[in-house]
Number of protein chains: 4
Amino acid sequence: MVVKLNRKELIRQTAIQVMAEYGYHNSTTDKIAEEAGIAVGTIYNYFRNKEQILEYIFAVELEKRQKAFVEQQQSSKPVLEKLQALLELHFAEIANNIAVGQILVREQQLPGKSEVTSISDFLQGVPQWIEELLNTAIEQGEICTCDTRIIAAAMFGAVQGVAAKAVFEEDKNIQNQILQSAPKELIHLFTGGISLDR
Amino acid sequence: MVVKLNRKELIRQTAIQVMAEYGYHNSTTDKIAEEAGIAVGTIYNYFRNKEQILEYIFAVELEKRQKAFVEQQQSSKPVLEKLQALLELHFAEIANNIAVGQILVREQQLPGKSEVTSISDFLQGVPQWIEELLNTAIEQGEICTCDTRIIAAAMFGAVQGVAAKAVFEEDKNIQNQILQSAPKELIHLFTGGISLDR
Amino acid sequence: MVVKLNRKELIRQTAIQVMAEYGYHNSTTDKIAEEAGIAVGTIYNYFRNKEQILEYIFAVELEKRQKAFVEQQQSSKPVLEKLQALLELHFAEIANNIAVGQILVREQQLPGKSEVTSISDFLQGVPQWIEELLNTAIEQGEICTCDTRIIAAAMFGAVQGVAAKAVFEEDKNIQNQILQSAPKELIHLFTGGISLDR
Amino acid sequence: MVVKLNRKELIRQTAIQVMAEYGYHNSTTDKIAEEAGIAVGTIYNYFRNKEQILEYIFAVELEKRQKAFVEQQQSSKPVLEKLQALLELHFAEIANNIAVGQILVREQQLPGKSEVTSISDFLQGVPQWIEELLNTAIEQGEICTCDTRIIAAAMFGAVQGVAAKAVFEEDKNIQNQILQSAPKELIHLFTGGISLDR
DNA sequence: AATGAATGAGCATTCATTCAT
DNA sequence: CATGAATGAATGCTCATTCAT
């Protein structure tokens with residue numbers, strides 16, 4: 001079954017491939033249009049400018065995670081299980097589209113001080129969800145008290161670090177292995193650290 | 001006492017400020033020259049091209065860490081203490097120059113597939129040092145066995161995450177606080193995780 | 001009747017004027033664009049780079065001569081008549097566009113060791129045509145044997161020399177006179193030299 | 001015996017090599033200085049600017065020819081013998097320094113409309129000497145009447161053409177052969193043309 | 001005279017964006 | 001909506017020339 005993509009979706013998916021390969025700054029609108037088999041002008045019927053394409057890419061990914069986050073928040077699981085569920089979703093999504101993972105991991109550079117909000121939403125918002133989760137966990141006596149602001153930043157960074165390790169791994173087998181074991185390894189690290197005496 | 005900087009050092013320090021503010025891609029050689037109070041051409045007496053300035057910035061920072069890493073490796077401390085010493089150096093350096101921290105944290109994007117080796121040395125090499133430390137620690141029975149490849153990537157990411165949190169924190173007090181407590185918090189997380197029952 | 005030139009042709013003709021006036025190296029793409037009444041960027045929609053404009057100028061002129069050369073080769077005239085026909089075409093073309101003549105005569109300097117093939121095709125290829133003609137003529141007993149390699153080079157140089165004399169002559173009347181009599185004078189020189197006793 | 005060159009001569013000879021290899025426009029003063037083993041600044045103690053180096057190169061070559069021309073003029077030889085003597089000198093000089101030949105042949109492009117007089121002296125003056133010789137020859141009944149202006153331009157061009165053929169010939173044996181036979185071949189061509197019935 | 005670091009005007013080229021068709 | 005030729009501001013880099021030492 002061939003799914004006919006609407007134009008905006010076609011552009012998003014093409015841009016992901018192109019930007020993953022060349023990076024945002026080395027990706028031209030001409031290249032994206034060419035790869036998508038459309039005219040440059042068409043891009044501008046769906047996006048105000050090049051930046052907004054990246055914005056949209058992040059927005060879509062962010063929304064997936066947000067939806068999952070809200071779902072998890074509504075459940076009554078222990079916090080760490082919620083976190084694990086989110087990590088599983090995250091790495092599954094990346095496994096499903098390595099290119100999008102490369103973008104999430106590399107395009108830290110907010111282009112200018114512009115209207116690209118979903119990138120900063122991602123880079124700053126996601127840690128805040130984690131912080132929120134951690135605070136709840138502390139309240140509920142699930143975890144020890146700690147500087148949740150820092151720990152949340154560390155956890156987010158750790159996730160990004162493992163994702164980066166995976167998406168830039170050239171050996172596809174190793175890549176898959178990392179992506180599969182990442183959630184458990186991370187939860188393990190977060191939970192009990194690496195000490196012998198746990 | 002005014003320290004007369006040699007040109008290359010002047011350019012490096014100016015570029016750090018400019019690139020931290022605008023990002024590598026939005027920093028022009030003209031802007032760097034202007035800020036440094038020199039002519040554009042002078043930059044090219046010391047750097048082959050713009051990319052090489054960023055390369056040099058990373059190289060200098062990398063060397064500081066490498067020197068510290070080698071020193072620590074030669075000592076007989078427990079691995080986790082070595083790691084803590086390195087984190088302390090890292091965050092102290094960042095505290096000393098926030099701008100350089102912003103660059104280390106944001107410029108993940110290797111410009112092109114070019115000769116910028118010290119950026120990839122930093123992004124790939126540093127995790128390998130950590131991996132090396134972890135492997136030694138496992139051999140010496142200091143920590144539990146784990147997938148050091150993944151855990152090293154996670155740790156490096158965590159450090160970058162906390163650094164990012166700090167360097168983009170606008171409140172200088174909070175920033176300092178994060179930078180000061182970062183090493184201990186991270187070691188704490190790495191060591192015992194966040195579980196209650198540690 | 002205003003002939004609407006397509007862009008590539010417009011650029012070629014404008015570049016001929018500009019390069020004839022300033023020389024290739026002192027002609028800027030900005031100047032060419034300005035004179036053509038288009039934007040610089042437009043040039044690059046039709047030419048890969050500045051060099052390729054010159055390349056194209058030579059290619060067009062070369063093709064005219066080549067076409068004529070092939071036509072002449074197919075006829076059964078004596079070689080010297082073929083040569084004269086070619087000279088007549090050549091000088092008529094120059095008379096028709098002095099600027100192009102200036103370029104053909106002055107831009108001996110292949111810009112770099114680059115892809116500019118039609119310049120060397122012109123500077124090396126045309127003498128080879130002449131050599132070919134001479135060899136045929138010798139075979140057919142039309143002319144005496146001689147070192148055709150050298151004589152061809154000399155003849156090509158002589159043509160270039162007379163063309164140079166004409167195109168840089170400021171007096172338009174004299175210029176026209178030279179261009180008109182050039183073919184016959186050259187053929188005369190080539191045929192019988194300047195001796196009294198011919 | 002090592003001849004210690006004075007600075008100006010050193011620069012001239014180095015510039016000949018560099019400009020022959022890269023062409024005037026692609027030869028940098030830095031490169032010339034480096035090859036000469038001196039500082040860039042030193043060049044400017046002997047030449048007002050880069051252009052003046054080329055000017056001087058032509059001036060030196062021009063003077064050699066001029067001296068020979070004057071000498072020949074003072075003799076009572078038939079004009080064609082004078083011409084042959086001059087051609088022999090010319091090609092001998094080129095054989096002696098191929099690089100200088102390449103420059104004489106390629107740098108037709110007067111850099112700007114500047115003070116470089118010896119290039120135009122060479123390109124316009126030498127044909128005038130020839131014209132002068134031809135006029136004398138006609139007066140003395142040595143040669144037939146002809147448009148000496150055109151024939152002189154043609155002869156000069158022929159000489160340049162053969163020189164070009166020689167100096168860009170890669171096979172050194174062929175090169176030498178051309179340079180040796182050039183004067184006679186040219187005189188032969190000029191005298192009797194290439195007709196059978198001479 | 002010799003040096004060579006510093007200069008900065010100058011230029012080729014790119015590429016996001018527009019808009020007439 | 002789709003197109004893609006045209007645009008031109010922006011920018012990295014070069015290199016002839018200067019001048020303090």
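**Close-up 1. Phosphate contacts of DNA strand E.** A polar side-chain atom of D:Arg7 is placed 3.2 Å from a phosphate oxygen of DNA strand E. This is a predicted model, in which local features need pLDDT of at least 70, side-chain atom pairs count only at pLDDT 80 or more, and totals for chains, interfaces and linings use all residues. Side-chain values use heavy atoms, with hydrogens and water left out; residues are numbered from 1 along each chain as its sequence is written, and chains are lettered from A and ligands numbered from 1 in the order in which they are written. For A:Tyr44, a polar side-chain atom lies 2.8 Å from a phosphate oxygen of DNA strand E. C:Thr29 instead uses a backbone N or O atom, 3.0 Å from a phosphate oxygen of this strand.

**Close-up 2. Protein surface near DNA strand E.** DNA strand E is surrounded by 29 residues, where a residue is near a strand if one of its heavy atoms lies within 4 Å of it. The closest residues are B:Thr42, B:Tyr46, C:Tyr44, D:Thr42 and D:Tyr46. Of the strand E atoms that come within 4 Å of the protein, 70% belong to sugar and phosphate. At least two residues of this surface are supplied by each of α3 (40–46) of chain A, α3 (40–46) of chain B, α3 (40–46) of chain C and α3 (40–46) of chain D. The largest contribution, five residues, is that of α3(D). Helices (H or I, at least four residues) and strands (E, at least two) are DSSP runs, numbered from the N terminus. The surface near DNA strand E has eleven nonpolar, 14 polar and four charged residues. In this classification Ala, Val, Leu, Ile, Met, Phe, Trp, Tyr, Cys and Pro count as nonpolar, Asp, Glu, Lys and Arg as charged, and the others, Gly among them, as polar.

**Close-up 3. Interface of chain B and chain A.** The contact (heavy atoms within 4.5 Å) takes 45 residues from chain B and 45 residues from chain A. About 3,900 Å² is buried between chain B and chain A, with 62% of it on carbon and sulfur atoms; buried area is the accessible area (1.4 Å probe) that two parts lose on being put together, summed over both. On the side of chain B that touches chain A, two or more residues come from each of α1 (7–22), α6 (98–106), α8 (148–167) and α9 (172–192) of chain B. α8(B) provides the largest share, eleven residues. By class, this side of chain B holds 21 nonpolar, 15 polar and nine charged residues. The rule finds zero salt bridges across the interface of chain B and chain A, a salt bridge being a side-chain nitrogen of Lys or Arg within 4 Å of a carboxyl oxygen of Asp or Glu.

**Close-up 4. Interface of chain C and chain D.** Chain C gives 45 residues to the contact and chain D gives 46 residues. The buried area between chain C and chain D is about 3,900 Å², and carbon and sulfur atoms give 62% of it. Zero salt bridges are found across the interface of chain C and chain D. The side of chain C that touches chain D draws two or more residues from each of α1 (7–22), α6 (98–106), α8 (148–167) and α9 (172–192) of chain C. With eleven residues, α8(C) gives the most to this side.

**Close-up 5. Chain pairs that do not touch.** Chain A and chain C are not in contact, and their nearest C-alpha atoms are 13 Å apart. Chain B and chain C do not touch either, with their nearest C-alpha atoms 21 Å apart.

How values were computed:
Polar contact = N/O pair within 3.5 Å; in protein donor to acceptor, adjacent residues only side chain to side chain.
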